[in-house]
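The following exercises ask the reader to work through a ligand site and several individual residues. Each task is followed by a solution in steps.

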Amino acid sequence: MKIAVCGKGGVGKSTISALVVQALLDRERTVLAIDADPSPHLARLLGISQENVTPIAAMKNLLQERSERNGPFYNMNPRVGDLPEKFMKRHGRLSLMVLGAIPQGGAGCACAENAVLRNLLNCLLVSKGEDIVLDMEAGVEHLGRGTIASVDHIIIVVQPYRGSIETAGKIEKLAKDLKIKSLHVVANNVQDETDVDFIRDMCGVEPVGVFPFSPLARKAEREAMPIAAADEVLLDAAQSMIDTLGPSL
Ligand SMILES: Nc1ncnc2c1ncn2[C@@H]1O[C@H](COP(=O)(O)OP(=O)(O)O)[C@@H](O)[C@H]1O
Ligand SMILES: [Mg+2]
């Protein structure tokens with residue numbers, strides 16, 4: 001299955017993506033992790049090196065060629081079938097791809113990168129026993145561009161505060177426009193039951209996963225250590241979330 005992890009900046013998308021990847025690997029699955037954040041650090045959270053990984057965005061000529069700009073429009077069907085092998089770094093049953101830095105500011109537009117990512121997602125077929133986990137860019141722009149229209153599940157990470165839940169609402173609306181049926185809310189940084197109640201009430205759904213606040217996650221981040229090995233409680237939370245998503249695996 002293909003899972004995209006979305007949400008406001010800093011809510012824990014990369015942390016939860018890395019935990020989901022590890023939880024799937026622990027089930028003997030083969031996983032392709034795609035870091036689609038313009039400032040990528042999924043590799044660090046997974047405890048692998050992204051050295052020698054060619055970021056898709058760095059392949060400017062290739063992107064220009066393949067998403068050739070035609071007046072104000074991009075060709076939205078760049079060819080990507082040969083990309084996976086070139087841009088993947090393999091670590092046993094785990095492979096990593098990095099979308100890479102997208103230029104920021106007025107001149108920066110991620111249309112080309114997103115067009116390539118979208119086509120890539122469309123053409124990557126997952127067989128039984130394989131999964132793709134996408135750690136998405138913060139916010140909602142990528143949904144507007146339809147980048148992840150072909151995923152099976154969208155996981156929206158929220159924390160128990162209004163701002164993150166408002167972003168989740170925008171994501172939900174855009175995902176529905178894209179006719180993505182399988183949307184889930186995941187609660188992160190939860191300190192007690194009132195936090196879960198707040199999220200449940202604000203979102204109007206039961207979170208498919210609940211990840212507690214973890215001092216060990218904070219420590220692991222500071223020490224640049226992989227997250228899954230740092231806190232078993234968080235890894236357990238990812239395992240139960242996958243159990244809940246289970247029937248579609
Ligand atoms: N459950 C948690 N407990 C403690 N710290 C967390 C938790 N989840 C995420 N963090 C911390 O919050 C920060 C942002 O997390 P990150 O996964 O990078 O968010 P995002 O990818 O959404 O920007 C990181 O420093 C991370 O270690
Ligand atoms: Mg991130």
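Strands are DSSP runs of type E with at least two residues, numbered from the N terminus. The model examined here is predicted.

**Exercise 1.** Locate His 91 in the secondary structure, and classify its accessibility.

*Solution.* Step 1: strand E5 spans residues 89–91, and His 91 belongs to this strand. Step 2: buried means under 20% relative accessible area and exposed means over 50%, with partly exposed in between. Step 3: the relative accessibility of His 91 is 26%, so His 91 counts as partly exposed. Step 4: in space, the C-alpha atom of His 91 is separated by 7.9 Å from that of Ile 48, a residue 43 positions away along the chain.

**Exercise 2.** Determine whether His 153 is buried or exposed, and identify the residue whose side chain it contacts.

*Solution.* Step 1: His 153 is placed in strand E8, which covers residues 153–158. Step 2: His 153 counts as buried because its relative accessibility is 5%, and the cut-off for buried is under 20%. Step 3: the side chain of His 153 is joined to that of His 184 by a polar contact of 3.0 Å.

**Exercise 3.** Describe the setting of Ser 164 and find the backbone atom that its side chain reaches.

*Solution.* Step 1: helix H7, residues 162–177, contains Ser 164. Step 2: with a relative accessibility of 1%, Ser 164 counts as buried. Step 3: at 2.9 Å, the side chain of Ser 164 reaches the backbone oxygen of Gln 159.

**Exercise 4.** Characterise the surroundings of ligand 1, from its pocket to its polar partners.

*Solution.* Step 1: the largest pocket is where ligand 1 sits. Two or more residues of the shell around ligand 1 come from each of helix H1 (13–26), strand E9 (183–190) and helix H9 (215–222). Step 2: H1 provides the largest share of this shell, three residues. Step 3: there are 15 residues around ligand 1, and those that come nearest are Lys 13, Ser 14, Thr 15, Asn 188 and Ser 214. Step 4: by residue class, the shell consists of eight polar, four nonpolar and three charged residues. Step 5: a polar backbone atom of Val 11 is 3.2 Å from an oxygen atom of ligand 1, and for a backbone N or O atom of Gly 12 the distance to a ligand oxygen is 3.0 Å. An N or O atom in the side chain of Thr 15 lies 2.6 Å from an oxygen atom of ligand 1. Step 6: on its own, ligand 1 has 560 Å² of accessible area, of which the protein covers 83%.

Notes. Residues are numbered from 1 along each chain as its sequence is written. Chains are lettered from A and ligands numbered from 1 in the order in which they are written. This is a predicted model: local features need pLDDT of at least 70, side-chain atom pairs count only at pLDDT 80 or more; totals for chains, interfaces and linings use all residues. Side-chain values use heavy atoms; hydrogens and water are left out. A residue is near a molecule or strand if one of its heavy atoms lies within 4 Å of it. A polar contact is a pair of N or O atoms within 3.5 Å; within protein, one must be able to donate a hydrogen and the other to accept it, and residues adjacent in sequence count only if both atoms are side-chain atoms. Accessible areas come from the Shrake-Rupley method with a 1.4 Å probe; for residues, only the protein chains shown count as cover. On a 1 Å grid over the protein atoms alone, a cavity is a set of points where a 1.4 Å probe fits but cannot get out, and a pocket is an open set with protein on both sides within 12 Å along at least five of seven lines; lining residues have an atom within 4 Å of a point. A molecule sits in a cavity or pocket if more than half of its atoms lie within 2 Å of its grid points. Helices (H or I, at least four residues) and strands (E, at least two) are DSSP runs, numbered from the N terminus. Ala, Val, Leu, Ile, Met, Phe, Trp, Tyr, Cys and Pro count as nonpolar, Asp, Glu, Lys and Arg as charged, and the others, Gly among them, as polar. Buried means under 20% relative accessible area, exposed over 50%, partly exposed in between (1.4 Å probe, protein chains only).
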